[in-house]
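Biologist: I would like a close look at a single part of this model. Please take it step by step, for a first-year student.

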Number of protein chains: 2
Amino acid sequence: MKKQIAILGSTGSIGTQTLDVVRANPDRFEVYAISANRSVDKLIEQAREFHPEVVCIADESLYDQLQSALEDMPCKVWAGAAAIADMVTMPSIDIVVAAMVGYAGLCPTMAAIRAGKTIALANKETMVVAGEIICDLARQYHTPILPVDSEHSAIFQSLVGEDCNAIDKILLTASGGPFRTFSLEQMQTVTAAQALKHPNWDMGAKITIDSASMMNKGFEVIEAKWLFGVNYDQIEVLVHPQSIVHSAVQFKDGAIKAQLGAPDMRLPIQYALTFPERLPSDFPRADLLTLKNLTFEKPDLERFPNLRLAYEAIARGGNMPCVLNAANEVANLAFREGKCGFLEMSEIIADTMAKTTYIQKPTYEDYVASDKEARQIANLQIG
Amino acid sequence: MKKQIAILGSTGSIGTQTLDVVRANPDRFEVYAISANRSVDKLIEQAREFHPEVVCIADESLYDQLQSALEDMPCKVWAGAAAIADMVTMPSIDIVVAAMVGYAGLCPTMAAIRAGKTIALANKETMVVAGEIICDLARQYHTPILPVDSEHSAIFQSLVGEDCNAIDKILLTASGGPFRTFSLEQMQTVTAAQALKHPNWDMGAKITIDSASMMNKGFEVIEAKWLFGVNYDQIEVLVHPQSIVHSAVQFKDGAIKAQLGAPDMRLPIQYALTFPERLPSDFPRADLLTLKNLTFEKPDLERFPNLRLAYEAIARGGNMPCVLNAANEVANLAFREGKCGFLEMSEIIADTMAKTTYIQKPTYEDYVASDKEARQIANLQIG
């Protein structure tokens with residue numbers, strides 16, 4: 001039986017690499033449904049190659065264009081956020097790859113969990129915003145959540161066959177991004193174009209900026225807390241510029257287990273799709289011999305205050321990680337649009353965290369309201 | 001229920017460290033039986049501290065001394081190789097730590113497997129000499145064999161929860177020993193005293209010399225082949241002077257999993273005793289931050305021909321690994337006694353492998369005969 005896959009955000013970096021994995025394993029996987037935010041041309045192309053049952057575009061204004069382009073095909077063509085949330089619950093679907101960008105991933109991921117679909121989670125904002133609700137839901141509906149992020153996949157792989165209660169700490173590695181060796185002064189003047197040049201990973205624009213500012217790593221700390229049931233102070237970030245050790249776990253007996261590999265997202269994607277199996281692949285291998293050496297250093301919280309803010313948000317708990325995420329989405333976009341400086345992003349976020357109403361035990365509706373409030377506050381600070 | 005432990009070779013390096021683990025976890029473990037080859041004083045001391053039911057000395061000439069020293073204690077005092085093989089089959093014993101040195105470990109390990117005792121295997125010669133028979137026996141008697149060697153423990157830990165059929169290759173790390181950077185010329189004149197100074201591990205004399213000559217690594221290749229059911233050409237030796245990555249496994253999907261830690265044998269010993277659990281410990285931790293960098297290089301088979309000979313022995317199969325081990329035991333002792341040079345050890349072993357009768361499908365009796373024949377041939381070459 002082929003696994004039927006739904007890909008949310010099929011035209012993005014994770015989405016297209018998921019399709020690479022499907023393309024390489026036609027006997028294992030079938031694309032049942034795909035969705036994109038606005039990349040309608042790419043979505044049409046993907047629909048013509050993979051023949052999904054459902055194709056969905058989030059931006060409803062693009063529906064007509066999509067519909068007429070796929071008129072000769074038997075697939076259903078849908079549009080809008082509600083349609084995406086419906087799509088993931090379709091009975092034939094086995095796995096939902098949640099690879100949408102940002103807060104938009106939350107709602108369809110919750111719908112997929114409720115429908116009992118295995119979640120291959122690439123959208124880390126989902127866990128950042130509402131980790132507690134997501135974890136409770138997953139327990140309630142016995143839905144497995146498999147991480148797609150290379151770091152969380154590495155941790156997950158290191159924990160296979162182990163008892164999570166034996167975790168001493170999680171060693172979350174970070175490439176350090178393009179500004180790892182920049183001075184604070186240099187960082188004040190960096191441009192979006194500079195930040196978009198990531199040394200090791202080829203990713204979407206939003207996450208590449210988050211990576212350069214280390215907010216991405218802060219989100220990963222929060223995500224790891226929820227995925228693996230540890231306290232935030234059991235998660236240590238290690239800057240590892242070679243991006244070969246994708247992350248590690250230290251157990252209570254002192255043993256460290258790590259997962260290593262070449263920086264290639266297709267590996268964690270494939271693992272999430274095939275778990276607990278491992279399929280042969282022709283992905284590039286990490287060659288420890290040619291690599292010569294692996295180094296590890298502490299992150300500099302002076303130059304990368306976003307990481308400190310993320311620890312602060314998860315330490316305060318409640319709706320604070322949601323506020324962190326909302327403020328960051330606003331600041332990240334403002335920086336990409338040249339409306340604020342690189343380090344100003346952190347100021348906007350810190351200020352938003354200070355000003356947004358704190359809610360200790362938020363409901364889903366509280367998260368929606370906090371997200372909105374935080375975005376408004378963050379936007380006020382942008383010129 | 002406390003686990004009842006028998007330790008073969010309790011006065012050696014692994015034996016005393018096993019007792020350290022027992023001492024630190026008195027609610028988990030009880031020492032039921034201990035044996036030593038000739039270190040009678042240390043054995044008496046251990047008997048007085050741990051109150052085992054049975055104390056056994058391999059060298060029968062030391063029986064009277066042992067017996068009279070323990071006269072006031074209720075424990076049984078035995079002597080001789082046959083007594084050790086009997087001892088391990090006693091019904092109360094749960095785990096047998098096989099930490100004898102060399103070929104002598106084979107017979108009692110086989111007895112323990114037949115008695116269905118969990119084997120914590122530190123004696124790698126057992127697997128080198130008769131891996132096929134040992135594995136067949138373990139399957140037949142459903143006896144788990146848990147590796148104690150840091151490298152094999154690391155591989156075992158990396159494989160927990162994984163399918164052995166998904167192994168692409170095993171990356172067996174080696175410290176490179178004290179002569180890693182020596183020239184071939186320098187190696188011709190090294191002394192036993194120099195070879196006994198291992199940079200990272202504190203071990204017994206025989207294994208320290210094997211480590212300096214890389215025969216230890218050759219044995220580990222053979223042991224890994226049998227323990228993990230892979231072909232010898234799926235095992236790659238990587239020289240890793242920091243001894244932090246204790247070994248790794250590359251899977252067919254390209255993922256590498258590794259176990260890292262400070263060089264401390266108590267960790268793999270404890271893991272073998274507690275598997276699948278992990279107990280909290282105060283063993284020193286590996287700190288990736290203070291360590292700064294990890295390096296990997298290819299072993300030099302010109303300067304370390306023993307590693308080449310080990311691959312040759314396992315490639316030829318049959319009794320050749322047994323011959324390799326016997327010749328090495330003779331050469332290793334001769335070197336320690338100043339009767340041959342460091343590089344001459346390899347010549348003796350190669351010559352013995354060439355001259356000893358090859359048996360493709362040896363029985364246990366064939367192994368005993370091959371061992372004897374090889375020792376005679378090897379001894380003839382020593383002045």
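How many of the 6 residues of strand S1 (residues 3-8) of chain A are buried? Please go on from there to the strands that pair with S1(A) and to what else belongs with them.

Modeller: This is a predicted model. In strand S1 of chain A, which covers residues 3-8, 5 of the 6 residues are buried, so the strand is mostly covered, where buried means under 20% relative accessible area. S1(A) pairs with strand S2 (residues 29-36) of chain A through 6 bridges, and these two strands run parallel. Within this pairing, Ile5(A) has Val31(A) of S2(A) as its bridge partner. S1(A) also pairs with strand S5 (residues 95-98) of chain A, again in the parallel sense, over 4 bridges. Here Ile5(A) stands opposite Ile95(A) of S5(A). Ile5(A) therefore has a partner in S2(A), namely Val31(A), and another in S5(A), namely Ile95(A). As background, side chains in a regular strand alternate between the two faces of the sheet.

The link between S1(A) and S2(A) involves a helix. Helix H1 of chain A, residues 13-24, forms a β-α-β unit together with S1(A) and S2(A), and this unit is right-handed.

In short, S1(A) is a mostly covered strand that pairs in the parallel sense with S2(A) and with S5(A). With H1(A) and S2(A), S1(A) also makes up the right-handed β-α-β unit.

Methods
Residues are numbered from 1 along each chain as its sequence is written. Chains are lettered from A and ligands numbered from 1 in the order in which they are written. This is a predicted model: local features need pLDDT of at least 70, side-chain atom pairs count only at pLDDT 80 or more; totals for chains, interfaces and linings use all residues. Side-chain values use heavy atoms; hydrogens and water are left out. Buried means under 20% relative accessible area, exposed over 50%, partly exposed in between (1.4 Å probe, protein chains only). A crossover is right-handed if, with the strands pointing away from the viewer, the path from the first strand over the helix to the second runs clockwise.
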